[in-house]
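This report covers a ligand site first, then selected backbone and sheet features. Please look at the sequence and structure before reading on.

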Amino acid sequence: MITSHAPVHCPADLAEALALRAAHPEAMPLAGGTDVMVFVESGTLSPPAFLNLWGLAELRGVQADGDGLRLGALCTYTELEADARVQATAPALVEAARTVGAKQIQNRGTLAGNVANASPAGDSLPVLLALDAEVEVASVRGTRRIPMDALYTGYRKLALAPDELITAICLPARHPADVQYYRKVGTRLAQAISKVMLGGRLRIEGGVVTEARVAFGSVAAFPVRARTVEAALVGRPVDAAAADLVGADIKPIDDIRSTATYRLEVARRILQGWLAAVAAEGASSSR
Amino acid sequence: MLIGQDLIRADGPAKVTGQARYVDDVRPDGCLYGFTVRSPWAHARIDGIELDPDFDWTDITVCTAADIPGENVVALMTDDQPVLADGVVRHVAEPVALVAGPDRDRALAASHHVRVAYTPLTPLMDPEVSAGNAHRIFRDDNVYSRITVEHGEAERVLAETDTVITGTYRVGLQEQLYIEPQGMMAIPRADGGVTLFGSMQCPYYIVKALKRVLGHDDLNVVQAVTGGGFGGKEEYPSIVAAHAAVLALKAGRPVKLIYRRDDDLRATTKRHPAIMHYRVAVDRATGKLQAAHVKLLFDGGAYNTLSPVVNSRAVLHALGPYACPHVKVEGLMVATNTPPNGAFRGFGAPQVMFAAERHMDRIARELGRSPLELRRLNLYQDGDVTPSGQRLVDVGATQVLELALKEAEAGLPASGVPDRAGGGGAAARVAPGRGVAIAWHGCGFTGNGEAALKGQADVAIEGDRVVIYTASTDIGQGTDTIFPAIVAEVLGISVDRVANADHDTATVPDSGPTVASRTAMVVGGVVKQAAEKLLAALQAEVGAEGAFDDLLAQRKSAAPLRVRAQYRDDLGLVWDPATYRGDAYPTYGWACVIVDVDVDLDTGEVLYRRLVSATDVGKALNPVLCTGQLEGGALQGLGYATCEEVVLDDQGGMRNNRLTNYIIPTALDAPEMVTALVEIPFSGGPFGAKGIGEIPHDVPAAAVAQAIEAACGAVLDRLPMTPERVLAALQES
Ligand SMILES: Cc1cc2nc3c(=O)[nH]c(=O)nc-3n(C[C@H](O)[C@H](O)[C@H](O)COP(=O)(O)OP(=O)(O)OC[C@H]3O[C@@H](n4cnc5c(N)ncnc54)[C@H](O)[C@@H]3O)c2cc1C
């Protein structure tokens, strides 16, 4: 199909949206449309109906959430980049937002859309994993939060019930001893689907790593945490050699954009580079 | 003086305000949309074509080879390519049937219900085993072209010299990636003829091809606004036009055939891939080249298209701009069961000049000399003789090299690496490097091509305006701006009073194709001559001498006054196409490219900081347009260097046939560019102009390869130098 003639439901508020979602689970939610339009034009998807979320005020804006932040599902990348609270809490997420598509896509595409689209190459996803983000979902039955780490159950499969919508992405407060990192290795400097991304967070207290999150994208069916590497990092000063264990955690594949060999080697190298930089920084600041 | 001024582009305002009408913006009443049914196989027998009885065909027109009114041939160099496959398919995506319906969705849906029964056959995919293979694709040996250029006694000198350096270089396919995909509309006329309107470079190619397909010549071809061609709209539009016309005649309605991008990428021609072997003898003491034997192998794909001409340009440019007394270059262009390759900016030169420049780097490495020094020692000078035996005059090679080096001395812009979004900031590990490469490029057709072609142009007085009639299309390069400036300059009038007639073969003469960097240099000269003739005709009519406007005021008749000029061969070129001896080109352009890169040592990514170029353009007729051509060409050359890779499936079909996955550089990937112009006038070009369309694409890739090597020691002899290949080379070095 090139043109879609499917009906578009346009709820006025969240309650109506959830009722429509329950009544028409086959209607595809539509946020910024930057993924949906591509699927429709290429014929990959031809949904029988759409549920347009764009008008829902409840899903807009950044709010405080305890000491953390609640990013409304319709927050665009441009909004996240410009928001001082997001910059302070999640600099790595801002960095990731800046790499998505180019300005036009950042103006229109939403973070929740990236999460719901569940592409293994979704640029924000490894950072959300590294930040221990939670996904707030709602239905006519109520609201719950799913940890990022439990959200994906398979290739493009989410732990969402058919009647649920994502209403927000929640970020915990930033710990003062945390360093965050984001690295995207794409095919070019804009409009690039990632070959490998790394989202990282280290909590370093008294010269020792007390918590480690290392997450990769584009190296498995969905974004994954490198738990072997994380375990090796904790309990000692930052050791860049932990990067050599990455092969135990990720099993990338050959595809149209890159090779398994390249992805694995680059994952190791960019992780090693980051850890080495953090170690060097720590060494110089403790002198 | 209008020449040498940055006159605003004639096509600019309409394009930036959205007024320009591309072929898909026009929809005559009752127009149908066409779609092409293509082969899924590289090679197969067609056992039958049936229409799904359960589909509603009432508003659908279907055509197969049987519906072609004339010959089932795309007339070009040879008659090997059918308009629609008949009985056999020879490459994936080969057109087998056509459908047209009232809208795109209907046409697309119908295409899925045309049932073609195939028996797949074993394809021949490897060009290295094609020549003489028992599996025949083209004539009795699968060879589209075999050319040898020989000067002196290369074999003897190679055998007698101690230092002989050998190397093999490979380049892949490259897609032209014009802005709007191929598109053509065929409109049956009330008088029984047919009009073709579409995106194209060469209206008269389509006339020539459609006469055979339709079996009559009652047709005219009109160029729509065309957003770039780069060679991709040289010969291919004849096929789209033939398809649209066959559908339109059967349906009795206008038919529009607009390729989707994925179809366009899978089906249309690309730059020829090549495997190039170099053996060069050098004098260790002097660093001078002594002898060279070069063997080139090009993959032409399943049909001939213009492949022999690509081979021709390749053999003639194979040694780069360096003097060598004994040379033998053998070029072989063969057939495989892959989509045909065809014209693309540079036409064989970018392939061989990557190899030639990389081989210079290899020689420098083995001799322990700097690549720059080796080039300086061997660059062509006035009086040197080329492999075809042409004695060179006005050689600009040293001048462009020294100017580019001087321009490159100015402070290098800061590396963009630290600010790059998601680039790792301070944790990124990069190494800077610089590469220098030099190109020569024969302008216009080879040998006596122009004398044989006799391109024509008309200029007419119509009221108080002057109108130019040529078949030379503006495809974004600025023809419609340059020609009026030339005419206004000759007539001494303001440029607003000079217009280009639509490029409609019903009214314009055959100026030759818009290719080979020939439009400004050759057709521009014919247009200048026509303007001079017009002034003379006006003087004769009025019976007086004087300024154009004074004469115009004295004119009694209000009828248009139109004159025609034809290419005049006063260059006295001597060329023998049988032996490839003589004056291969009327003149040469010279260019030097200096690239500064940062190589990411963790990822193998190559990031561009700055590209400095100096190019001998003869005369910059419009410096902004000229610079635009050079910068655009350079960026296309950088795409060829590091990111543009066509990934094929086992049937030879392009897997990455979407803009998401066929990676061309974006504005963010582009380096800062410093573009210096050198003007060594060419006596045969208008106001001294030379062709500049292709030369900028020739050596950026070679400069990048040298820069990568300088940065990190990784040696790459294959294009594109993707991060995957750079990282692998880095691990080896
Ligand atoms: C040119 C281009 C470049 C791009 N570049 C990048 C890139 O660099 N990196 C990257 O990661 N992505 C990229 N994308 C993909 C896309 O822009 C992002 O995934 C974006 O975040 C999607 O957000 P959206 O609001 O447009 O989602 P939509 O297209 O509206 O929706 C995407 C999916 O999420 C579902 N959905 C949306 N909102 C909700 C919700 N609240 N609850 C439940 N389901 C929901 C939709 O049903 C759909 O399945 C690019 C896309 C384009 C067209």
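## Ligand shell

A residue counts as near a molecule or strand if one of its heavy atoms lies within 4 Å of it. By that test, 31 residues surround the ligand. The closest are A:P29, A:T34, A:D35, A:Y77 and A:T110. The shell divides into 16 nonpolar, twelve polar and three charged residues. Here Ala, Val, Leu, Ile, Met, Phe, Trp, Tyr, Cys and Pro are nonpolar, Asp, Glu, Lys and Arg are charged, and the others, Gly among them, are polar.

This is a predicted model: local features need pLDDT of at least 70, side-chain atom pairs count only at pLDDT 80 or more, and totals for chains, interfaces and linings use all residues. Residues are numbered from 1 along each chain as its sequence is written, chains are lettered from A and ligands numbered from 1 in written order, and side-chain values use heavy atoms, with hydrogens and water left out.

## Where the shell comes from

Helices (H or I, at least four residues) and strands (E, at least two) are DSSP runs, numbered from the N terminus. In chain A, β2 (28–30), α2 (36–42), α7 (111–117) and β10 (165–171) each supply at least two shell residues. The largest share, four residues, comes from α7(A).

Both domain 1 (8–52 + 59–171) and domain 2 (178–285) of chain A give residues to the shell, so the ligand lies between them. The domain bounds come from an automatic or database domain assignment.

## Polar contacts and cover

Polar contacts are pairs of N or O atoms within 3.5 Å; within protein, one must be able to donate a hydrogen and the other to accept it, and residues adjacent in sequence count only if both atoms are side-chain atoms. A polar backbone atom of A:P29 is 2.5 Å from a ligand oxygen. For a backbone N or O atom of A:G33, the distance to a ligand oxygen is 2.7 Å. The side chain of A:K184 places an N or O atom 3.1 Å from an oxygen of the ligand.

On its own, the ligand has 980 Å² of accessible area, and the protein covers 87% of that. Areas come from the Shrake-Rupley method with a 1.4 Å probe; for residues, only the protein chains shown count as cover.

## A sheet in chain B

Three strands of chain B form an open sheet, ordered β4-β2-β6 with antiparallel pairing. β4 (88–89) and β6 (114–120) stand at the edges with a single partner strand each, so one side of each has no neighbour in the sheet. Strands pair if DSSP finds at least two bridges between them. β2 (residues 44–51) and β6 of chain B share seven bridges. B:R45 has B:T119 of β6(B) as its bridge partner.

## Backbone details

A cis peptide bond joins B:L719 and B:P720, with omega about -5°. B:P720 sits in the loop between α16 (700–712) and α17 (723–732) of chain B.
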